[in-house]
Amino acid sequence: MYRRNNEAADRMRERRRAEDAAPRLAEQVPSLKTLRMSLSFRRGDFRIGEASYVRVVVVATAPALFTIACTDSNCRDGGHQITTAMLKALRAGLTEFSGEEPCRGSIGSSGSACGSTLLYDAQATYEKG
Ligand SMILES: [Zn+2]
């Protein structure tokens with residue numbers, strides 16, 4: 001358990017470092033005003049209802065980095081990397097878009113694929129002109 005906690009702390013530090021080093025969202029998409037994301041997850045065809053949540057992104061300070069943590073606590077090195085897809089949609093000025101991205105982590109000592117999939121819906125508004 002102790003080792004696991006350490007790994008979690010390491011991952012958290014790693015994540016903070018990556019976020020600090022990333023360019024700001026406001027620099028990458030200067031016209032972006034607000035961004036709201038609805039996140040939910042499924043495993044196979046089974047929707048994990050209680051894991052859904054809404055994230056309101058603080059555009060002024062947010063890093064241009066969209067890595068959503070895997071909801072499975074047994075998942076190792078997991079996470080949903082949607083930075084490229086998000087930035088592409090935002091640069092294109094889309095006001096509503098959605099997508100899905102599988103987790104690339106593995107479960108347990110057997111190393112079988114996690115199989116959790118993130119479903120996201122985003123709503124964005126932009127400065128005119
Ligand atoms: Zn996972």
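This is a conversation between a student and a tutor about reading one predicted model.

Student: Before we look at details, what kind of model is this, and how are its residues numbered?

Tutor: Residues are numbered from 1 along each chain as its sequence is written. The model is predicted, so local features need pLDDT of at least 70 and side-chain atom pairs count only at pLDDT 80 or more, while totals for chains, interfaces and linings use all residues.

Student: How many helices and strands does the chain have?

Tutor: Helices (H or I, at least four residues) and strands (E, at least two) are DSSP runs, numbered from the N terminus. This chain has 3 helices and 9 strands. Along the sequence they follow the pattern α-α-β-β-β-β-β-α-β-β-β-β. The C-alpha atoms fill a box of roughly 55 × 35 × 20 Å, taken along the principal axes.

Student: How do I read a sheet, and which strands make up the one with 4 strands?

Tutor: Start with pairing: two strands pair if DSSP finds at least two bridges between them. Here, an open sheet of 4 strands has the order E2-E1-E9-E6, with antiparallel pairing. Strand E2 (46-57) and strand E6 (96-102) are at the edges with a single partner strand each, so one side of each has no neighbour in the sheet. From one strand to the next, the twist averages 20°; for such angles, axes are lines fitted to C-alpha atoms, for helices over the stretch in contact, and angles run from 0 to 180 degrees between N-to-C directions.

Student: How many bridges join E1 to E9?

Tutor: There are 11 bridges between E1 and E9, which run antiparallel. To find one of them, look at Arg43, whose bridge partner in E9 is Ser116. E6 is joined to E9 by 7 bridges, again antiparallel, and Pro102 stands opposite Thr117 in E9.

Student: What about E1 and E2?

Tutor: E1 and E2 pair in the antiparallel sense over 8 bridges, with Arg47 in E2 as the bridge partner of Arg42. The hairpin of E1 and E2 has 2 residues between the strands, and Gly44 there takes a positive phi near 60°.

Student: Which strands form the sheet of 3 strands?

Tutor: That open sheet has the order E4-E7-E8, with antiparallel pairing. E4 and strand E8 (112-113) stand at its edges, each with a single partner strand, so one side of each is left without a neighbour in the sheet. Strand E7 (residues 106-107) is joined to E8 by 2 bridges, and Ile107 stands opposite Ser112 in E8.

Student: How do I judge burial, and is Leu35 buried or exposed?

Tutor: Count neighbours: a residue is buried if 20 or more other C-beta atoms lie within 10 Å of its own, exposed if 12 or fewer, and partly exposed in between, with C-beta atoms placed from the backbone. Leu35, found in strand E1, is buried because it has 21 other C-beta atoms within 10 Å. By contrast, of the 12 residues of E2, the number buried is 0, so E2 lies largely in the open. Across the 129 residues of the chain, 18% count as buried.

Student: Where is the largest nonpolar core, and which residues have the most contacts inside it?

Tutor: In soluble globular proteins, nonpolar side chains tend to be buried together. A nonpolar core is a set of buried Ala, Val, Leu, Ile, Met, Phe, Trp, Tyr and Cys residues joined through C-beta atoms within 7 Å. The largest one here has 14 residues, and Leu32, Leu90 and Ala124 have the most contacts inside it. Strand E1 (32-43), helix H3 (83-91) and strand E9 (116-126) each supply at least two of its residues, and E9 gives the largest share, 4 residues.

Student: Which residues is Ala124 in contact with, beyond its sequence neighbours?

Tutor: Two residues are in contact if their C-beta atoms, placed from the backbone, lie within 7 Å. Leaving aside neighbours within four places in sequence, Ala124 is in contact with Leu32, Thr34, Leu35, Leu90, Leu94 and Thr95. With the same exclusion, Leu35 is in contact with Val57, Val59, Ala122 and Ala124.

Student: What is notable about the phi of Asp77?

Tutor: Most residues other than glycine have a negative phi. Asp77 has a positive phi of about 55° although it is not a glycine. Find Asp77 in the loop between strand E4 (75-76) and strand E5 (80-81); it is exposed, with 12 other C-beta atoms within 10 Å.
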